[in-house]
Amino acid sequence: MKKKVRLIASDLDGTLLDEQKQVSGRNRKALEKAAQQGILFVPATGRIFSAIPEPVSELPFVRYVITVNGSGLYDRVQEKMLFEAKIPCKEAIRLCHFVRRYGTMFDCYLEGHGYMERHFYERIDEYCVEALRSMVRATRKPVEDLPAFIEEHGDVQKVQMFFLDMELRARAFRELAEAFPDMLATSSIVNNIEVNIREANKGAALTRLCGLLGIDMAETVAFGDGGNDVTLLQAAGTGVAMANACEEALAAADAVTLSNAEDGIAEYLEKYVL
């Protein structure tokens, strides 16, 4: 029996996108069929809007986009943010000084752009897996002193770190939770940590959007694979984890589909929605 669904939300990297950062023909066909049935498709990503890849941004039926882990809710038709939840400037500066102690690469998103200290920008290849290098390099602007830059320009959407030492990353997760209880530390790839203000999460953004549109949360399906997708999977009427998902996402999900490399989204939609 098919589910009654009015909205489909999906993470991008590791979920909708395949290993070549493309939307497969099967996934696209499934989403097009959903759109023809009046079902909204909402990308829900940790990326800033300008970093959403062309295979997603060119989809003609995408109006609303959850950006930066729920820090922003963007309406493409009105060309404006419907909601934003940012880390206050002073707290963002304190956070930058705190993470500097780990000696690892970090950056921030501010007003829809990424910024990174120049000495880290020159080491992107060292800290990022090959599939991400070109995207990170294209979406970050080098600055000399990130805390000073934030002080000059204001509140930030997200602070992100990339680690080479996984034990150090695990320690950072613990210490960030203790030092910044009003913030939420998550992860989207194996070696990063992403920090947002606590109310900026994908699940809260989906709930807010459904409230604006008059959609019952029970009529939503969400797909994800990373730690930053946990709230999305929990908030949706049905949360579906990819087979390649992390343990936290698998535990939060109501169902599991095939991996992103195996058209997992289309597989689930064809069986239970379309």
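User: Happy to start with a loop residue: is Asn 69 buried or exposed?
Analyst: Do keep in mind that this is a predicted model. Asn 69 sits in the loop between E3 and E4, and its phi is near 60 degrees, a positive value in a residue other than glycine. Its relative accessibility is 3%, and the cut-off for burial is under 20%. So Asn 69 counts as buried.

User: Thanks! And Glu 79, buried or exposed?
Analyst: Glu 79 lies in the loop between E4 and strand E5 (80–84). Its phi is also positive, near 55 degrees. With a relative accessibility of 63% and a cut-off of over 50%, Glu 79 counts as exposed.

User: How are helices H4 and H8 oriented, roughly parallel or roughly antiparallel?
Analyst: The axes of H4 (residues 89–100) and H8 (residues 146–153) come within 9 Å and cross at roughly 175 degrees. Angles over 145 degrees count as roughly antiparallel, so H4 and H8 are roughly antiparallel.

User: Which residues of H8 does H4 meet?
Analyst: From H4, the contact involves Cys 89, Ala 92, Ile 93, Cys 96, His 97 and Arg 100. By class, the contact has seven nonpolar, one polar and two charged residues. On the H8 side, the partners are Leu 146, Pro 147, Ile 150 and Glu 151.

User: What arc do the buried residues of H10 cover?
Analyst: The buried residues in H10 (residues 202–213) are Lys 202, Gly 203, Ala 205, Leu 206, Leu 209 and Cys 210. They lie on the same side of H10 because the arc they cover around the axis is only 160 degrees.

How values were computed
Residues are numbered from 1 along each chain as its sequence is written. This is a predicted model: local features need pLDDT of at least 70, side-chain atom pairs count only at pLDDT 80 or more; totals for chains, interfaces and linings use all residues. Side-chain values use heavy atoms; hydrogens and water are left out. Axes are lines fitted to C-alpha atoms, for helices over the stretch in contact, and angles run from 0 to 180 degrees between N-to-C directions. Helices (H or I, at least four residues) and strands (E, at least two) are DSSP runs, numbered from the N terminus. Angles under 35 degrees count as roughly parallel, over 145 as roughly antiparallel, 65 to 115 as roughly perpendicular and the rest as oblique. Contact means heavy atoms within 4.5 Å. Ala, Val, Leu, Ile, Met, Phe, Trp, Tyr, Cys and Pro count as nonpolar, Asp, Glu, Lys and Arg as charged, and the others, Gly among them, as polar. The expected span of a helix is 1.5 Å times one less than its number of residues. Buried means under 20% relative accessible area, exposed over 50%, partly exposed in between (1.4 Å probe, protein chains only). The arc is that of the directions from the helix axis to the C-beta atoms.
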